[in-house]
Amino acid sequence: MEKATKERFSSLTLLSASERKYPKSPDEAKLESFDNLYADRDYVIEFDCPEYTSLCPVTGQPDFGHIIIRYVPDKRCIESKSLKLYLYSFRNASTFHEESVNTILDAVVKECAPRRAEVIGRFRPRGGIAINVKATYGDPIHE
């Protein structure tokens, strides 16, 4: 790998790590990002995460959902392996659906300061009710 490329990705500690340590909670997890080479234009990045799980904070039962993250990057882009580990960290976290969607959006905004972002959570029914949550940052994303 050439020197300029190594320097560009030097802050990505999770992607290059041969050892896989799964974070125990979202507070322990770390999102990472890299320089956006196309910061001069608007484009949408979408992460489709159909295997999201967390725990109900009242009953402790597992909740299953589908998380979609869309954002228009500015100077930084989220690295996908760090996102996978971050979302995995919710598996043992007690949280309501509304809280988890907003927590994920806050983490994305904090890490990469996008121009716009949205996180959509489509949660499987429990007790006959499915819950869908959408949290946004900035103007709506149009496709």
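Strands here are DSSP runs of at least two residues, numbered from the N terminus, and a pocket's lining residues are those with an atom within 4 Å of one of its grid points. With that in hand, the largest pocket of this predicted model is a handy place to start. Six of its lining residues come from strand E2, and that is the largest share. E2 covers residues 45-55, and both E2 and helix H2 supply at least two residues of the lining. The full list reads Tyr22, Asp48, Cys49, Pro50, Glu51, Tyr52, Thr53, Lys84, Leu87, Tyr88 and Arg91. Sorted by class, that makes six nonpolar, one polar and four charged residues. The volume of this pocket is about 220 Å³.

Stepping back to the whole chain, the protein has three helices and six strands. Read from the N terminus, their order is α-β-β-β-β-α-α-β-β. The chain has 143 residues, and 41% of them count as buried. Among contacts between residues at least 6 apart in sequence, 68% join residues at least 24 apart. As for the outside, the accessible surface adds up to about 8,600 Å², with carbon and sulfur atoms holding 50% of it.

Now to the aromatic rings, which form five pairs in the structure. One of these pairs joins phenylalanine 47 and tyrosine 71, which are stacked, with 6.3 Å from centre to centre and 20° between the planes. Phenylalanine 47 sits in strand E2 and tyrosine 71 in strand E3 (residues 62-72), so this pair links distant parts of the chain, 24 residues apart. Both phenylalanine 47 and tyrosine 71 are buried. Another pair brings together tyrosine 52 and phenylalanine 90, and it counts as tilted because the planes stand at 50°, with the ring centres 5.6 Å apart. Since tyrosine 52 belongs to strand E2 and phenylalanine 90 to the loop between H2 and H3, this pair ties together parts that are 38 residues apart in sequence. Tyrosine 52 is buried, because its relative accessibility of 3% falls under the 20% cut-off. Phenylalanine 90 is buried as well, at 2%. These two rings also belong to one aromatic cluster, made up of Tyr52, Tyr86, Phe90 and Phe123. Tyrosine 52 turns up in the lining of the largest pocket too.

Tyr86 appears again among the contacts of leucine 31, which also touches Ile78, Ser82, Leu83, Ala107, Val108 and Glu111, leaving aside residues up to four places away in sequence. Leucine 31 is found in the loop between helix H1 (3-8) and strand E1 (33-35). With a relative accessible area of 8%, leucine 31 is buried. The C-alpha atoms of leucine 31 and serine 80 are 8.8 Å apart, although 49 residues separate the two along the chain.

Serine 80 itself is part of helix H2, which spans residues 80-88. Its relative accessible area is 44%, so serine 80 is partly exposed. Its C-alpha atom is 8.1 Å from that of phenylalanine 47, a residue 33 places away along the chain.

Last comes a backbone detail at alanine 113, where phi is near 45°, a positive value in a residue other than glycine. Alanine 113 lies in the loop that runs between helix H3 (97-112) and strand E5 (116-126). At 44% relative accessibility, alanine 113 counts as partly exposed.

Definitions and conventions: Residues numbered from 1 in each chain as written. Predicted model: local features only at pLDDT ≥ 70, side-chain atom pairs only at ≥ 80, totals over all residues. Heavy atoms only, no water. Helix = DSSP H or I, 4+ residues; strand = E, 2+ residues; numbered from the N terminus. Buried < 20%, exposed > 50% of the residue type's maximum accessible area, 1.4 Å probe, protein only. Contact = heavy atoms within 4.5 Å. Areas by Shrake-Rupley, 256 points an atom, 1.4 Å probe, with all protein chains shown as cover. 1 Å grid on protein atoms, 1.4 Å probe; cavity = no way out; pocket = protein on both sides within 12 Å on 5 of 7 lines; lining within 4 Å. Points joined across faces, edges and corners; volume = space filled by probe spheres on them. Nonpolar A, V, L, I, M, F, W, Y, C, P; charged D, E, K, R; others polar. Phe/Tyr/Trp six-rings, centres within 6.5 Å; stacked < 30°, edge-to-face > 60°.
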